[in-house]
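Reader: I would like the reasoning behind the labels, not just the labels. Can you take me through it?

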Amino acid sequence: MAIAERNVSPTAWVVTPLRVLLIEDSDADGKSVIAELRGSGRPIEIRRVGTADDLRAALALGNWDVVISDWALPSLDAISALDLVKASGQDIPFIVASGTIGEELAVSALRAGAHDFVLKDKMARLIPAIDREVGEARIREARRRAEKDLRASEARYRALFENSPLPMWVSDMVTLAFLAVNEAAVRQYGYTREELASMTLADLASPPEAAEPSDRSDHAAASETRPLSRHRRKDGSFVLVEVNHHDVEFEGRAARLVVTNDVTERLRSEDALRQTEEQLRQTQKLEAIGSLAGGVAHDFNNMLSVILSYGSLVLAELKPGDPLRDDIQEMTRAGERAAELTRQLLAFSRQQVLAPQLLDLNRIVHSMNKMLHRLLGEDIELSLLTGHRLGKIVADPSQVEQVLMNLVVNARDAMLGGGKVSIETTNVDLDEAYAKAHVDVTAGPFVMLAVTDTGKGMDRDTMRRIFEPFFTTKAQGKGTGLGLSTVFGIVKQSGGHIWVYSEIGRGSTFKVYFPRAHGTEENASEPPGPIHLFGSETVLLVEDEDQVRNLVRTILRRNGYNVLEAQNGGEAFLICEQYGAKIHLLLTDLVMPRMSGRQVAERLLAMRPGIKVLYVSGYTENAAVHHGVLDSGIAFLEKPITPNALLRKLREVLDG
């Protein structure tokens, strides 16, 4: 039988009633307990039950503050009632109130989970026991709620941490050890969570030699002064990242929450954009100068026509011994020299009249052999390296001769103490990737004319201005500064493209690309490559120019190769020591600061016998061989690099 009783004080509307579940079969004992509770002066809600079913029903209602149970009832005892309370999953203080319980039974009740026991002849202890246990129960409930909220909060932040698209980790402030990493960090760096858990931040840092890349200032500007770090991935490649961090406490220790943002591709795109903008500005500047020079040349030619014509008329009237004759002849010679300057200005401005023909570039080169030898002198060695089955070009033969002669004269003037000049011709194919990276270049088949010298070379500032009219590095009175600008104008007017590669103290290579006439070439100089250019081998790439290194890495990875990249020899040696698997090929620039590609190859061959080597350089292959840079027969690829040429050469070396 269930009996509900309610005692509400006048202040019940401001005080929460104490809800009591009383397990008692004796009316007298029940009234005694209720009287004791009423005597406390607080609002009380009481429900009295005497059977297990009534107890289950009352527990189902929930929200009881305390359970007070007699020790023994006809159909239910205190231990069984305690078990039912526990089974309900509620944390309700359970107090045994009995007149028959002894000390031994009381101890067993406490061990079973009862919170306290009160003898019915000492009911004064009941209210303090209830206050204490209810207070502790509320503390436990508050603690559970706080722990639940904390777990929910941790779960939310864990979800944010794990699902962040940016790599994140928590590291120890003292040891720099990784304490936690998210999935994005695992993907970016290539290590498993277990591997990162055994590493420190120092393991991601690039080696000291690579800690300050040459373009760090440019990158810092590009990233709006945010700090940049250069991190090494598991595969040996490097990534530039922006780093943001916040100091936190993690599992009781001082730690740092770090977020990184990979800006490698962004900076590469910005660098490419800046390079294209620079090329465009240079092209626009040359166009503007050309327009001005062409206008001046045309007007000046009109005046020169008058001067030279009247000079000829006066000379015809003067007798051989006339004292004025020498003066007029000197004036006429000066006018003829001025006319030659105007012709060069017109060539630069691409406004001269051309007579294009179908030409064999090899025939022109060989026909000028004797004249070029005389032009160079005895202290300069000349080598002609003409390509086999060279395609034809459509150009003005006299202008092509002018281009070759001006380039040879420029090479001679760069070697005051003697040296070597090589002239090379070959068929090449410039692809879309090369065309996109160079303003005013169209992809397609070309015939290349390359002139290489072993002179003093040029710095970048000089290379930016070499095609400007009247710009010269020679002493005053030693040159007009129109030689290379004339070459530039003739090549552009012929639909071609000119590219320059130079190293201080190493010399220069000028590569002129004339469009190959359709249907006239016999066979391309490059033999057909394999049908499949993909590979899975590991290539160690060593290149000091970031843009070239990034380009080669992208080409190789897109075609299946595993690429380990290094900026210099020091990085290459470190990677070689740390990389456990086989490295199939070393792809290295030939000319680098501090250590040449050949020196890098010699040391790596000692570390990894059997590794194959492919050299890359802006010098043409034959020039590099004949100038003593490489031994004949060494695998070599000349810049500018095109994807097709690189992949074919790579497979040729790997499969050879």
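Author: What follows sets values against cut-offs, one label at a time. The model is predicted.

Reader: Start with two helices. Why is α2 called roughly parallel to α3?

Author: The axes of α2 (residues 52-61) and α3 (residues 78-87) cross at roughly 30°. Angles under 35 degrees count as roughly parallel. Therefore α2 is roughly parallel to α3. The axes come within 10 Å. The crossing of α2 and α3 is right-handed.

Reader: Which residues of α2 and α3 meet?

Author: From α2 come Ala52, Leu55, Arg56 and Leu59. From α3 come Ala81, Leu84 and Val85. Sorted by class, this contact has six nonpolar residues, one charged and no polar.

Reader: What makes α18 and α19 roughly parallel?

Author: Again the angle decides. Helix α18 (residues 569-578) and helix α19 (residues 597-607) pack at about 10°, their axes 10 Å apart. The limit for roughly parallel is under 35 degrees. So α18 and α19 earn that label. Their crossing is right-handed.

Reader: Which residues make the contact of α18 with α19?

Author: Gly569, Ala572, Phe573, Cys576 and Glu577 of α18 meet Val600, Arg603, Leu604 and Met607 of α19. By class, that is six nonpolar, one polar and two charged residues.

Reader: Now the sheets. In the sheet with order β13-β15-β16-β18-β17, what makes β13 and β17 edge strands?

Author: Each pairs on one side only. Strand β13 covers 380-385, and β17 covers 497-503. The sheet is open, has five strands and shows mixed pairing. Neighbouring strands are turned by 20° against each other on average, direction ignored.

Reader: How do you know that β13 and β15 pair?

Author: Count the bridges. Pairing takes at least two bridges between the strands. Strands β13 and β15 (residues 419-430) have six, in the parallel sense. At one of these positions, serine 383 has serine 422 in β15 as its bridge partner.

Reader: Which helices lie on this sheet, and at what angles?

Author: Helix α12 (residues 369-376) lies across β13 and β15, at about 155° to β13. Helix α16 (residues 483-493) touches β17 and β18 (507-515). The direction of α16 makes about 140° with that of β17.

Reader: There is a second open sheet, β8-β7-β11-β10-β9. What are its pairing, edges and twist?

Author: Five strands pair in the antiparallel sense. The edges are β8 (178-181) and β9 (228-232), each pairing on one side only. The twist averages 40° from one strand to the next.

Reader: What joins β10 to β11?

Author: Ten bridges do, against a requirement of at least two. Strand β10 (residues 238-250) and strand β11 (residues 253-262) run antiparallel. Valine 241 stands opposite aspartate 262 in β11.

Reader: Last, the aromatic rings. How many aromatic pairs does a search of the whole structure find?

Author: Four. One of them joins tryptophan 169 and tyrosine 189.

Reader: Why is the pair of tryptophan 169 and tyrosine 189 called edge-to-face?

Author: Take distance, then angle. The centres are 6.0 Å apart. The limit is within 6.5 Å, so the rings pair. The planes stand 65° apart. Over 60 counts as edge-to-face, so the label follows.

Reader: Which parts does that pair tie together?

Author: Tryptophan 169 lies in strand β7 (residues 168-172), and tyrosine 189 lies in helix α6 (residues 183-189). The pair therefore ties together parts that are 20 residues apart in sequence.

Definitions and conventions
Residues numbered from 1 in each chain as written. Predicted model: local features only at pLDDT ≥ 70, side-chain atom pairs only at ≥ 80, totals over all residues. Heavy atoms only, no water. Axes fitted to C-alpha atoms, helices over the stretch in contact; angles between N-to-C directions. Helix = DSSP H or I, 4+ residues; strand = E, 2+ residues; numbered from the N terminus. Parallel < 35°, antiparallel > 145°, perpendicular 65-115°, else oblique. Left-handed = near helix turned anticlockwise from the far one by under 90°. Contact = heavy atoms within 4.5 Å. Nonpolar A, V, L, I, M, F, W, Y, C, P; charged D, E, K, R; others polar. Phe/Tyr/Trp six-rings, centres within 6.5 Å; stacked < 30°, edge-to-face > 60°.
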